[in-house]
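Here's a walk through a model, strand by strand and helix by helix. Have the viewer open and follow along.

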Amino acid sequence: MFSRKSKSTVGLDIGSSSVKLIKLDHTKNGHSVSALGVRELPPEAIVADEIRDREAVIFNIQSLIDQTDPKIDEVVVSISGHGVITDRFTIGKKSGAEAEQAILFETEQRAPFDVEDVSLDYHIVKVDDEENQMDVLLVAARKEYLRTYLELVQDCGLKPIVVDDDALAVFNAYSYNYEIDPSRVTALVNIGCDVTNITYIVDGIYHSTRDVSSGTREIYTAIQREFRLNAELATKAIKGEMGDSIDQDMLKATIISSTDELVSGVELAFSYFKSQSKIENIDWIVLSGGGSLVPYLPEFLQSKLTVPLEIANPLRNIDYDPELFQYLQPEKIAPLLTVSVGLAMREAR
Ligand SMILES: Nc1ncnc2c1ncn2[C@@H]1O[C@H](COP(=O)(O)OP(=O)(O)OP(=O)(O)O)[C@@H](O)[C@H]1O
Ligand SMILES: [Mg+2]
């Protein structure tokens, strides 16, 4: 009479440096990890939003599936960067078809794109009964970009059941694992290879997101150049797997001197957010993504941005058997999994 079979969801995060996969089983006690894997991509296979070596990407995704759980077929994926635009606005409180009409109208008025060219989705973030208003979060994906992306996933033999936005996935992963302090304006900063997603939390709820077109790629390129390393060794150097053959002072200097673009991108996004939202201060930064694992980077960011910072652990409230994934050391790479965890938490209906 009662089905014991726990439902599960697979989050597949196709990033420009690696593909991350996590399968979460949803039980009445919460989520638990039943498959996990990370696979690095060749450095130029995906650059920013552009898939340059489709064959390599497909090969690596298929290999990752084979290594983790060959039975996987349905996946939740995400997009970010220039392919997707999020916006937030306030309209009068409405519901059903009336709400959709009003949202579409508002979108046409303000969108920096042709409504014909995008797929739209929206979410009502806040309803203010007193003022009879509601706040709408709009997510618009460029149709062309979405199609290319979905075709890629399908060509891997997979069925994309939900397409999410990286920044929203980061928010979902964070809110499941941490108590949100409503008195603290928080910026979730997910540093990837080519894109850094920023999600703001104000009054304890989702506020807005902004993508910065910069990440760890400059650091990686600088390490290759300064230490005369090939791609594979540069990756090892960043991961601290080169031991004493790498001079730590020189590594630190190289990392710090190659983060200008990232730092100024985040600074600019912060000041834009503060002036737009009439907020004086960002009180707290929660760092995630591979960038939060790069040695010396979190401390440097904290000192440049002068905001206290912590590194996210998206597995904090999620069960897993450490023995099962020992070779991956999930406790060490957890911040890298933030987007994939957020995707896999979606209990697809
Ligand atoms: N174990 C590790 N130790 C240190 N740094 C790491 C580690 N793993 C990844 N990184 C760094 O993180 C970067 C990748 O971060 P991430 O996986 O979040 O990016 P991505 O999702 O592939 O890219 P994007 O989101 O921009 O498309 C790598 O380029 C590397 O510099
Ligand atoms: Mg990423």
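## A covered strand to start with

Let's begin with strand S6, residues 74–79: 5 of its 6 residues are buried, so the rest of the structure largely encloses S6. Keep in mind that this is a predicted model.

S6 pairs with strand S10 (residues 159–165) in the parallel sense, over 6 bridges. If you want a spot to zoom in on, take Val 76, whose bridge partner in S10 is Val 162.

## The three-strand sheet

Next up is an open sheet of 3 strands, ordered S7-S9-S8 and paired antiparallel. Strand S7 (84–92) and strand S8 (118–128) sit at the edges with a single partner strand each, so one side of each has no neighbour in the sheet. On average, neighbouring strands here are turned by 20 degrees against each other, if you ignore direction.

S7 and strand S9 (residues 133–142) run antiparallel and are joined by 9 bridges. Within that pairing, Phe 89 stands opposite Val 136 in S9. Helix H2 packs on this sheet, where it touches S7, S8 and S9, and its direction makes about 120 degrees with that of S7. Helix H3 (residues 143–155) packs on the sheet as well, touching S8 and S9, with its direction at about 65 degrees to that of S9.

## A closer look at H2

Helix H2 covers residues 96–110, which makes 15 residues. From its first C-alpha to its last it reaches 22 Å, close to the 21 Å you'd expect at 1.5 Å a residue.

So how many of the 15 residues of H2 are buried? The count is 0, and H2 is hardly covered.

## The five-strand sheet

Further along the chain there's an open sheet of 5 strands in the order S13-S12-S11-S14-S15, with mixed pairing. Its edge strands are strand S13 (205–212) and strand S15 (309–311), each of which pairs on one side only. The average turn between neighbouring strands of this sheet is 20 degrees, direction ignored. Helix H9 (residues 297–305) packs on the sheet and touches strand S14 (284–288) and S15; the direction of H9 makes about 155 degrees with that of S15.

## S11 and its two partners

Is S11 mostly covered or mostly uncovered? Mostly covered: 6 of its 6 residues are buried. Side chains in a regular strand alternate between the two faces of the sheet. In S11, Thr 186, Leu 188 and Asn 190 point one way, Ala 187, Val 189 and Ile 191 point the other way, and all are buried.

One partner is strand S12 (residues 196–202), which runs antiparallel to strand S11 (residues 186–191) and is joined to it by 6 bridges. A hairpin through 4 residues links S11 to S12. Ala 187 stands opposite Tyr 200 in S12, and Val 189 has Ile 198 as its bridge partner in S12. S11 also pairs with S14, in the parallel sense over 5 bridges. There, Val 189 stands opposite Leu 287 in S14.

## Val 202 and its surroundings

Val 202 belongs to strand S12. With 16 other C-beta atoms within 10 Å, Val 202 is partly exposed, because a residue needs 20 or more to count as buried and 12 or fewer to count as exposed.

Leaving out residues up to four places away in sequence, Val 202 touches Val 185, His 207, Ser 277 and Ile 279. Val 202 and Ile 279 are 77 residues apart in sequence, yet 9.3 Å apart in space, C-alpha to C-alpha.

## Two loop residues with positive phi

Asp 203 is in the loop between S12 and S13. Its phi is near 55 degrees, a positive value in a residue other than glycine. Asp 203 has 11 C-beta neighbours inside 10 Å, so it counts as exposed.

Arg 228 is another case, with phi near 50 degrees. Arg 228 lies in the loop between helix H5 (217–227) and helix H6 (231–238), and it is exposed, with 9 other C-beta atoms within 10 Å.

## Around the ligand

Which residues are the closest to ligand 1? They are Gly 15, Ser 16, Ser 17, Gly 192 and Gly 290, out of 20 residues that surround ligand 1. By type, the shell around ligand 1 divides into 8 nonpolar, 10 polar and 2 charged residues.

Key
Residues numbered from 1 in each chain as written. Chains lettered and ligands numbered in written order. Predicted model: local features only at pLDDT ≥ 70, side-chain atom pairs only at ≥ 80, totals over all residues. Near = placed C-beta within 6 Å. Nonpolar A, V, L, I, M, F, W, Y, C, P; charged D, E, K, R; others polar. Expected span 1.5 Å × (residues − 1). Pairing = 2+ DSSP bridges. Axes fitted to C-alpha atoms, helices over the stretch in contact; angles between N-to-C directions. Contact = placed C-beta atoms within 7 Å.
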